[in-house]
Amino acid sequence: MPELTSDKSAHAVDLSGENVHWDLRESMSYADYLRLPELLACQRPLTERHDELLFVIIHQASELWMKLCLHEITAAIRQIRADDLGPAFKMMARVARIQVNLIQSWEILSTLTPADYSSFRSALGRSSGFQSFQYRMLEFRLGNKHADMARVFESKPEIFAEVQRALIEPSIYDESLALLARRGLKIPEDKLSRDFSHGYVADPQVTAAWREVYRDAERHWDLYELAEKLVDLEYRFHLWRFSHMKTVERIIGAKPGTGGTSGVAYLQKALALRFYPELWDVRTEI
């Protein structure tokens, strides 16, 4: 075995005095811990086109970040249900930071030109981001419920069951309203015991409850902070959607989506949706 020689050049890091573990044959390595060989083997473009790898990596990385968002939001819902808002705030703040990263990913994907994408788009078949079960679960957990959106997962029973669970369980907003009611604020009973698989409909009485929180923030400080954390989540979610829509428009124009939607026109409709309507309405009244 050849003898290793020390690199003494001016640009080399001085490793003298460092107790580096060079021999990892009997220890867990960084690659072992993260399962890097398996992870890096997941990027399998279907064509020889140079730019397809970018497309695959952007979407796989986004799914990993969404996995973490779901982990944090699901835990935050449990903490709100337990009236333990400190940990919930930390989890919600972390999701907001992840959302910044997700928004930035569209900046990278936008380097894909129409010609670049057209060169491999046909290989996608009917696959589409519309079929992202993690995105749909995250949307349901945040509060944007739409039962028909789950239908696309019916061919995968295990996935469909997970999506359905996120659909029928209370969202983070539902649990927030239940907390307001426990604190003595007037939330209509039909908001607390409704069918949570249905989309939420705004109510003036809920707006009035949030108005009370905002007008006496010192008394309701943790509820006030909860309200702002919710607004922050929705605000960044809409920025993500807007960036998605503009990136798609930049790359494919008005072409329909591979999953069967109208493409940009469908994404534009989604921009009008609101998760927490009373938290936006109350701003007009303050």
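This report walks through a predicted model of a protein chain, from its overall build to its salt bridges, rings, cysteines and surface.

## Overall build

Let's start with the big picture. The protein chain has 13 helices and zero strands, so there is nothing but α in the pattern along the sequence: α-α-α-α-α-α-α-α-α-α-α-α-α. If you want box dimensions, the C-alpha atoms fill roughly 80 × 55 × 40 Å along the principal axes. Of the 286 residues in the protein chain, 40% are buried.

For one sample distance across the model, take A265 and G143. They are 122 residues apart along the chain, and their C-alpha atoms are separated by 23 Å. A265 belongs to helix α12 and is partly exposed, at 38% relative accessibility.

## Salt bridges

A search of the whole structure turns up 15 salt bridges. One of them pairs E72 with R94, with the closest N and O atoms 2.9 Å apart. This pair links distant parts of the chain: E72 is in helix α3 (residues 52-81) and R94 is in helix α4 (residues 85-109), 22 residues apart. The two partners also fall into separate burial classes: E72 is buried at 6% relative accessibility, while R94 is partly exposed at 38%.

Two other bridges stay inside a single helix. E139 and R136 sit three residues apart in helix α6 (residues 133-142), about one turn of the helix. Their closest N and O atoms are 2.7 Å apart, and both residues are buried. K246 and E249 repeat the three-residue spacing, about one turn, in helix α11, with a closest N to O distance of 2.6 Å. Here both ends are partly exposed: K246 has a relative accessible area of 38% and E249 has 31%. There is also a network of salt bridges, which links D83, R183 and D222.

## Aromatic pairs and a cluster

The structure holds 15 aromatic pairs. In one of them, W221 and Y224 have ring centres 5.1 Å apart and planes at 40 degrees, so the pair is tilted. The two residues are three apart in helix α11 (residues 221-252), which puts about one helical turn between them. W221 is partly exposed, with a relative accessible area of 48%, and Y224 is also partly exposed, at 25%.

F237 and F275 make another tilted pair, with centres 5.2 Å apart and planes at 55 degrees. F237 lies in helix α11 and F275 in the loop between α12 (264-270) and α13 (277-285), so this contact ties together parts that are 38 residues apart in sequence. Both rings belong to buried residues: F237 has a relative accessible area of 5% and F275 comes in at 2%. They are also members of one aromatic cluster, made up of W106, Y135, Y173, Y200, W210, F237, W240, F275 and Y276.

## Charges over rings

Two arginines place their charged ends over aromatic rings. R136, already met as the salt-bridge partner of E139, has its charged end over the ring of F130, 5.1 Å from the ring centre. The charged end of R283 sits over the ring of W280, 5.6 Å from the centre.

## Cysteines

Why are there zero disulfides in the whole structure? Take C42: its sulfur is 20 Å from the closest cysteine sulfur, which is in C69, and that is too far for a bond. The cut-off for a disulfide is 2.5 Å between the sulfur atoms. Looking from the other side gives the matching result, with C42 as the closest cysteine to C69.

The surroundings of these cysteines can be compared too. C42 is partly exposed at 43% relative accessibility, whereas C69 is buried at 1%.

## A nonpolar surface patch

Finally, there is a nonpolar patch on the surface. V13, L15, V20 and W22 form it, with about 450 Å² of accessible area together. L15 is placed in the segment before α1 (30-34). With a relative accessible area of 43%, L15 counts as partly exposed.

Methods:
Residues numbered from 1 in each chain as written. Predicted model: local features only at pLDDT ≥ 70, side-chain atom pairs only at ≥ 80, totals over all residues. Heavy atoms only, no water. Buried < 20%, exposed > 50% of the residue type's maximum accessible area, 1.4 Å probe, protein only. Phe/Tyr/Trp six-rings, centres within 6.5 Å; stacked < 30°, edge-to-face > 60°. Helix = DSSP H or I, 4+ residues; strand = E, 2+ residues; numbered from the N terminus. Lys NZ or Arg CZ within 6 Å of the ring centre and 35° of its normal. Patch = residues over 30% accessible without salt bridge, like charges linked within 9 Å, V, L, I, M, F, W, Y side chains within 5 Å. Areas by Shrake-Rupley, 256 points an atom, 1.4 Å probe, with all protein chains shown as cover. Salt bridge = Lys/Arg side-chain N within 4 Å of Asp/Glu carboxyl O.
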